[in-house]
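Hello,

Here is the structure I promised to pass on to you. Please have a look at it first, and then read on for what turned up in it.

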Amino acid sequence: MASKLMDYFNKQPRIGLLSTANREGKVDAAIFGSPMMVDEKTVVMGLGKNRTFEYLQENPNAIYTIVESGETIMDWKGLRVYLKMKEYATSGEMLERYRKQVAEVAGEDAAAMIHASVTFEVTELRPLIDMGQGWEQSI
């Protein structure tokens with residue numbers, strides 16, 4: 001099942017919505033296509049110097065929602081991946097390695113916009129539409 005989850009999460013092209021909240025509970029949502037699941041419990045992504053990064057420093061919890069449309073709303077597929085930031089780097093080897101990977105896929109301009117590489121732990125998985133079924137029912 002872990003391999004199936006990683007394959008689904010890393011499938012390209014795809015975009016998802018990363019939802020965060022600051023310490024006061026003010027929420028933010030931003031579209032990202034770059035998060036990569038490196039093992040069944042770890043997600044890595046690059047962030048600019050933006051509200052998402054600011055909020056994660058105040059509250060390390062986030063949700064990455066992946067959505068694929070279907071003929072009807074009940075045919076839509078997707079997954080809600082609950083995350084907790086473990087660490088981030090705004091300089092050093094971890095950031096440079098991530099920028100290099102992004103440059104190869106999206107170009108130097110995209111890589112230059114990355115202010116931090118962020119590592120998350122996966123804390124929970126839920127289907128896009130929760131009708132009491134397991135997550136594997138929705139992908």
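Below I go through the overall build and then the aromatic pairs.

Please keep in mind that this is a predicted model.

Let me start with the whole chain. The protein contains four helices and seven strands. Read from the N terminus, the order of these elements is α-β-β-β-β-α-β-β-α-α-β. The C-alpha trace spans about 45 × 35 × 25 Å along its principal axes. How does the radius of gyration agree with that of a compact globule? For 139 residues such a globule would come out near 14 Å, and the protein has 15 Å, so the two agree.

Of the 139 residues, 39% are buried. Among contacts with a separation of 6 or more, 66% are made by residues 24 or more positions apart. On the outside, the accessible surface comes to about 8,000 Å², and carbon and sulfur atoms account for 51% of that surface. As for charge, you will find 16 positive and 20 negative side chains, with the centres of the two sets 3 Å apart.

Now to the aromatic rings. How many aromatic pairs does the structure hold? There are two aromatic pairs. One is formed by Phe 9 and Tyr 64, whose rings are tilted, with 5.4 Å from centre to centre and 45° between the planes. This pair links distant parts of the chain: Phe 9 sits in helix α1 (residues 2-10) and Tyr 64 in strand β5 (residues 61-68), 55 residues apart. Are these two rings' residues buried or exposed? Phe 9 has a relative accessible area of 0%, so it counts as buried, and Tyr 64 is buried too, with a relative accessible area of 1%.

The other pair is made by Phe 53 and Tyr 88. Their ring centres are 5.1 Å apart and the planes meet at 85°; because an angle over 60 degrees counts as edge-to-face, that is the name for this pair. Phe 53 belongs to helix α2 (residues 51-58) and Tyr 88 to strand β6 (residues 77-89), so the pair ties together parts that are 35 residues apart in sequence. Phe 53 has 5% relative accessibility and therefore counts as buried. Tyr 88, at 38% relative accessibility, counts as partly exposed, because that value falls between the 20% limit for buried and the 50% limit for exposed.

Happy viewing, and best wishes!

Methods: Residues numbered from 1 in each chain as written. Predicted model: local features only at pLDDT ≥ 70, side-chain atom pairs only at ≥ 80, totals over all residues. Heavy atoms only, no water. Phe/Tyr/Trp six-rings, centres within 6.5 Å; stacked < 30°, edge-to-face > 60°. Helix = DSSP H or I, 4+ residues; strand = E, 2+ residues; numbered from the N terminus. Buried < 20%, exposed > 50% of the residue type's maximum accessible area, 1.4 Å probe, protein only. Rg over C-alpha atoms; globule rule 2.2 N^0.38 Å. Contact = heavy atoms within 4.5 Å. Areas by Shrake-Rupley, 256 points an atom, 1.4 Å probe, with all protein chains shown as cover. Lys, Arg positive; Asp, Glu negative; His and termini not counted. Charge placed at Lys NZ, Arg CZ, Asp CG, Glu CD.
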